[in-house]
Amino acid sequence: MSSSEIDRQWTTRLRRRVEGKLPPEKLLPDTQPNYVSSWIYVFGVATMSALFVVIATGCILALRGPQWWHGSAYGHFINSLHLWSVEIFFFSMVVHLWGKFAMAAWRGGRTLTWMTGVITFLASVATAFTGYVSQSNFDSQWISTQAKDGINATGAGAYFNVLNLGQMLMWHIVLLPLAAVVLTALHIVLVRIKGVVPPFEENPVVENAEVTQ
Amino acid sequence: MAFILSFAALIPLDSLGHYIHWGWVEISVANFIIIVLMIATFIAAITAPFPGRRRRKENR
């Protein structure tokens, strides 16, 4: 195979593109700028860590099923871990979100980084809501009968039936977590490609500014 | 187990939830506490010094 043929292969082109955009030293850097030393990023990492625990405990719940998580001490424990890791996930995510909003973290071509964060948040809210109606207890029955009126009022009830436990469980354990995990991974890759947003300049130079007296 | 039960007894989970009514605003006490904690944590996150930051600045 000639070198020009190798150059035309999609694997070669994709590898070169990835190497150019995200070289290994950028993906796993040794150092970060001084302004990254902020608690706001600790809450970003806490969100990711909580997501890991949510997924891990969710996998255990999926293995054993509702009778186990409602009817045994170990099941209650894993069920509670799943709930409280979600609480920590949202708590940390909101603090991180507020901090990044205050920093206007979409500056410098970071729109996609910001938007992946926003959509991850929305996907996570939907995951939590479908989790409420998938508990298979009186609480989930009550929430789903209340939610159906709201969903039906939007016209989406024919496609997204909150009283359909099977459908809600599939959204909760397959589609929405998949979206949340893929978006989180994309968010982190974008942070690595674009870097963390620098602080506002103390005395920004405003080009073409009109002098008023 | 006894410790866990005594700790759980501090929060009566069998009773009705408590709600705050303020005009048209209605929020459960639990949710209100969480929001206050989030705001307090956010303020702490942007004001509290980050460990080692001063040392790194001096080394530069």
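Me: How many salt bridges does a search of the whole structure find over all chains?

Reply: Bear in mind that this is a predicted model, where local features need pLDDT of at least 70, side-chain atom pairs count only at pLDDT 80 or more, and totals for chains, interfaces and linings use all residues; side-chain values use heavy atoms, with hydrogens and water left out. Residues are numbered from 1 along each chain as its sequence is written, while chains are lettered from A and ligands numbered from 1 in the order in which they are written. A salt bridge here is a side-chain nitrogen of Lys or Arg within 4 Å of a carboxyl oxygen of Asp or Glu. Over all chains, the search comes back with three.

Me: Which residue forms a salt bridge with R16(A)?

Reply: Side chains of opposite charge can pair when their charged atoms come close. R16(A) counts as partly exposed (from 20% to 50% relative accessible area with a 1.4 Å probe and protein chains only; under 20% is buried, over 50% exposed), because its relative accessibility is 44%. Its partner is partly exposed too, at 35%. The closest N and O atoms are 3.1 Å apart, and that partner is D7(A).

Me: About how many helical turns separate E19(A) and R15(A)?

Reply: These two form a salt bridge, with the closest N and O atoms 3.9 Å apart. E19(A) is partly exposed at 47%, and R15(A) is partly exposed at 46%. Helices are DSSP runs of H or I with at least four residues, strands are E runs of at least two, and both are numbered from the N terminus. Because E19(A) and R15(A) sit four residues apart in helix 2 (residues 10-21) of chain A, the separation is about one helical turn.

Me: What is the N to O distance in the salt bridge of K148(A) and D149(A)?

Reply: K148(A) is partly exposed, with 27% relative accessibility. D149(A) is also in the partly exposed class, at 48%. The side chains of K148(A) and D149(A) meet with an N to O distance of 3.1 Å.

Me: Is A104(A) buried or exposed?

Reply: A104(A) has a phi worth checking, about 50° and positive although the residue is not a glycine. Most residues other than glycine have a negative phi. A104(A) lies in the loop between helix 6 and helix 7 of chain A. Its relative accessible area is just 11%, so it counts as buried.

Me: Where is S136(A), a residue with phi near 60°?

Reply: S136(A) is another non-glycine residue with a positive phi, near 60°. It counts as partly exposed, at 31% relative accessibility. Its place is the loop between helix 7 and helix 8 (138-154) of chain A.

Me: Which residues lie closest to the centre of the second largest pocket?

Reply: A pocket is an open set of points on a 1 Å grid over the protein atoms alone, where a 1.4 Å probe fits, with protein on both sides within 12 Å along at least five of seven lines; lining residues have an atom within 4 Å of a point. This one holds about 910 Å³, the volume being the space filled by probe spheres set on points joined across faces, edges and corners. Helix 4 (39-64), helix 6 (73-102), helix 7 (111-132) and helix 9 (165-194) of chain A each supply at least two residues of its lining. Of the 35 lining residues, the closest to the centre are Y41(A), G44(A), H96(A), H187(A) and V191(A).

Me: How far apart are the C-alpha atoms of S85(A) and T47(A)?

Reply: S85(A) belongs to helix 6 of chain A. With a relative accessible area of 5%, S85(A) is buried. S85(A) and T47(A) are 38 residues apart along the chain, and their C-alpha atoms are separated by 9.3 Å.

Me: What pattern does chain B follow along the sequence?

Reply: Chain B has three helices and two strands. Of its 60 residues, 12% are buried. Read along the sequence, the pattern is α-β-β-α-α.

Me: Which element of chain B gives the most to the nonpolar patch?

Reply: Patch members have over 30% relative accessible area and no salt bridge; like charges are joined within 9 Å, and nonpolar side chains (Val, Leu, Ile, Met, Phe, Trp, Tyr) within 5 Å. I20(B), W22(B), V29(B), F32(B), I33(B), I34(B), V36(B) and L37(B) form this one, with about 720 Å² of accessible area together. Strand 1 (19-22) and helix 2 (29-47) each give two or more residues. The one that gives the most, six residues, is helix 2.

Methods:
Accessible areas come from the Shrake-Rupley method with a 1.4 Å probe; for residues, only the protein chains shown count as cover.
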